Amino acid sequence: MQETQYDFGLIGLGVMGRNFILNVKDNGFSAFGYDLDTEKVEALREEGGDRGRVDATQDLPTFCQSLTSPRKIMLLVPAGKIVDQVIEDLLPHLDKGDIIIDGGNSFFSDTDRRDAYLSEKGIHFFGSGVSGGAKGARKGPSIMPGGNKEAYEHVRPIFEAVAAKYQGEPCVAYLGPKSAGNYVKMVHNGIEYAMMQLTSEVYDLLHRAAGLSNDELHQVFDSWNKGRLQSFLVEITAEIFLQEDDLSSGRLVDMILDKAKQKGTGKWTSQNAMDLGIPVPTIDMAVSMREISALKSLRVDADSLYDRPKLPTLPKEELIEQAEKALYFSFVISYAQGLHQLAEASKEYGYELDLSQIAKIWRAGCIIRAGMLADIAEAFGQNPKLENLLLSPSFVDKVNGALPAVRRVASQALERGIAMPGLLTSISYFDALTTGRLPLNLIQAQRDHFGSHTYERTDREGIFHTEWGKN
């Protein structure tokens with residue numbers, strides 16, 4: 001038995017894990033790490049300093065013996081089979097009442113399976129999303145835990161201490177039972193996909209249609225970040241345009257290959273939304289655009305076959321003003337879609353999610369943090385049963401005020417052959433969702449015509465079928 005007993009254990013001392021455990025130590029709790037990699041263990045020991053407050057080992061029994069009861073063990077390892085393997089390795093060294101926390105991006109149904117399996121053994125399991133990247137892990141992430149509510153009380157003081165703070169409030173909260181935490185983190189990442197895609201589209205339009213230089217793009221995004229578009233993604237976008245390239249002359253952004261990778265959370269969000277019957281087309285399109293970007297050679301071949309319109313450069317100041325409104329509108333749509341999905345998932349899976357609370361813990365620390373989340377939190381706080389953000393009175397005027405510019409930006413992109421599928425999808429989603437009568441009556445007629453699938457009527461109750469073509 002180790003002489004020193006530590007408050008918190010962490011398995012996986014990569015960049016995220018090392019930064020998170022140092023954050024725990026800096027906030028007054030002792031922490032003990034475990035990794036099979038000698039270099040990672042030594043890196044933590046060197047950076048952590050005081051061995052009485054933070055230490056690490058390559059020996060799993062020593063790791064488990066060094067933790068206070070109930071043990072609070074966080075896993076920051078890649079999602080998938082590795083999580084299951086680590087759990088199996090841990091089990092012989094744990095006691096009933098101990099707590100395992102999966103801090104990775106595990107698929108929510110995997111979390112439900114692990115929770116049920118470990119509950120039978122008397123072990124508590126948390127799926128806890130952590131957002132903010134390596135810097136967030138070190139200085140304060142947004143944390144999204146879900147699992148047994150009573151067990152969470154053992155973890156809460158540590159999580160509240162290490163989480164990012166928004167006006168003094170920690171950006172962490174118990175979200176609900178079972179996989180609620182992993183599900184919320186999954187949808188967070190889906191919204192993130194959408195916002196990144198939309199930002200890239202606005203950049204492309206300003207650059208190609210109005211000829212803005214990298215310096216001018218920096219100034220635009222920097223000024224936007226001081227207004228209603230204040231957000232982490234707009235902030236770092238402004239910084240990106242100034243980064244010089246170490247390997248050639250010019251700016252680094254111009255030398256980066258236009259192929260965006262993905263780890264799956266955006267796709268999971270999209271797939272599950274379809275299972276729930278909730279439309280999230282802006283998120284869907286963001287996932288599709290990463291897939292299209294991967295088809296680089298095909299795109300280059302097609303580019304040589306088709307002409308693009310050659311139109312005069314647009315006035316810079318006018319387009320900048322319109323683009324700000326378009327980006328604001330599409331950010332609102334992204335949040336609206338993601339939160340709508342969370343509301344439906346909460347009912348379907350019994351999470352009992354508080355959407356206002358979720359918006360609050362996203363206000364700092366996470367990748368999708370933005371100034372408008374304070375307004376979103378207030379909207380759902382005033383009406384917890386709000387079905388969709390677009391129905392909030394506080395957003396109606398904001399959206400109406402942006403719409404003329406949004407439509408103009410979309411038109412200018414179409415006229416010039418500049419792809420803005422995220423923005424166009426956002427507008428179509430808005431137009432469809434705010435239309436009292438859609439042309440889907442024709443689809444129902446077609447379905448009944450070829451497949452006798454029946455239809456409902458506008459003038460009376462009941463289910464109807466017609467023998468078409470008799471007239």
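The following dialogue explains how several terms apply to this predicted model.

Reader: What kind of model is this, and how are its residues numbered?
Author: The model is predicted, so local features need pLDDT of at least 70 and side-chain atom pairs count only at pLDDT 80 or more, whereas totals for chains, interfaces and linings use all residues. Residues are numbered from 1 along each chain as its sequence is written, and side-chain values use heavy atoms, with hydrogens and water left out.

Reader: Why is Ser 131 called buried?
Author: Buried means under 20% relative accessible area, exposed means over 50%, and partly exposed lies in between (1.4 Å probe, protein chains only). Ser 131 has a relative accessible area of 3%, and therefore it is buried. The residue belongs to strand β6. Strands (E, at least two residues) and helices (H or I, at least four) are DSSP runs, numbered from the N terminus.

Reader: Which residues does Ser 131 touch?
Author: Contact means heavy atoms within 4.5 Å. Leaving aside residues up to four places away in sequence, Ser 131 touches Pro 141, Ser 142, Met 144, Lys 185, His 188, Gly 365, Cys 366 and Ile 367.

Reader: Why does Arg 447 count as partly exposed?
Author: Its relative accessibility is 31%, so Arg 447 counts as partly exposed. Arg 447 is placed in helix α19 (residues 440-451). Among residues beyond four places away in sequence, Arg 447 touches Ser 452 and His 453.

Reader: What links Ser 131 and Arg 447 in the UniProt record?
Author: Both are covered by the UniProt annotation "binding site", from an unreviewed entry, and the set also includes Asn 105, His 188 and His 453. The positions of this set are spread over 349 residues of sequence and are also spread in space, up to 49.2 Å between C-alpha atoms. UniProt positions are given here in the numbering of this model, feature names are shortened, and annotations may be inferred rather than shown by experiment.

Reader: What makes β3 and β7 edge strands?
Author: Two strands pair if DSSP finds at least two bridges between them. The open sheet has 7 strands in the order β3-β2-β1-β4-β5-β6-β7, with mixed pairing. Strands β3 (54-57) and β7 (142-146) each pair on one side only, and they are the edge strands. From one strand to the next, the twist averages 25°.

Reader: How do you know that β6 and β7 pair?
Author: Strand β6 (residues 124-131) and β7 are joined in the antiparallel sense over 5 bridges, set against a requirement of at least two. One example is Gly 129, whose bridge partner in β7 is Met 144. Strands β1 and β2 run parallel and are joined by 4 bridges; Leu 10 has Gly 33 as its bridge partner in β2.

Reader: Why are both faces of strand β1 called covered?
Author: In a regular strand the side chains alternate between the two faces of the sheet. In β1 (residues 8-11), Phe 8 and Leu 10 on one side and Gly 9 and Ile 11 on the other are all buried.

Reader: What does the angle of about 150° between helix α5 and β6 describe?
Author: Axes are lines fitted to C-alpha atoms, for helices over the stretch in contact, and angles run from 0 to 180 degrees between N-to-C directions. Helix α5 (residues 108-119) lies across β5 (99-102) and β6, and runs at about 150° to β6.

Reader: Why are the buried residues of helix α9 said to lie on the same side?
Author: The buried residues of α9 (residues 214-224) are Asn 214, Leu 217, His 218, Val 220, Phe 221 and Trp 224. They cover an arc of only 165° around the axis, and therefore they lie on the same side of α9. The arc is that of the directions from the helix axis to the C-beta atoms. Among the elements covering these residues are α8 (180-209), α10 (232-240) and α14 (316-349).

Reader: What makes Gln 167 and the bond from Ser 69 to Pro 70 worth noting?
Author: Most residues other than glycine have a negative phi, and most peptide bonds are trans. Gln 167 has a positive phi, near 50°, and the peptide bond from Ser 69 to Pro 70 is cis, with omega near -10°. Gln 167 counts as exposed because its relative accessibility is 71%.
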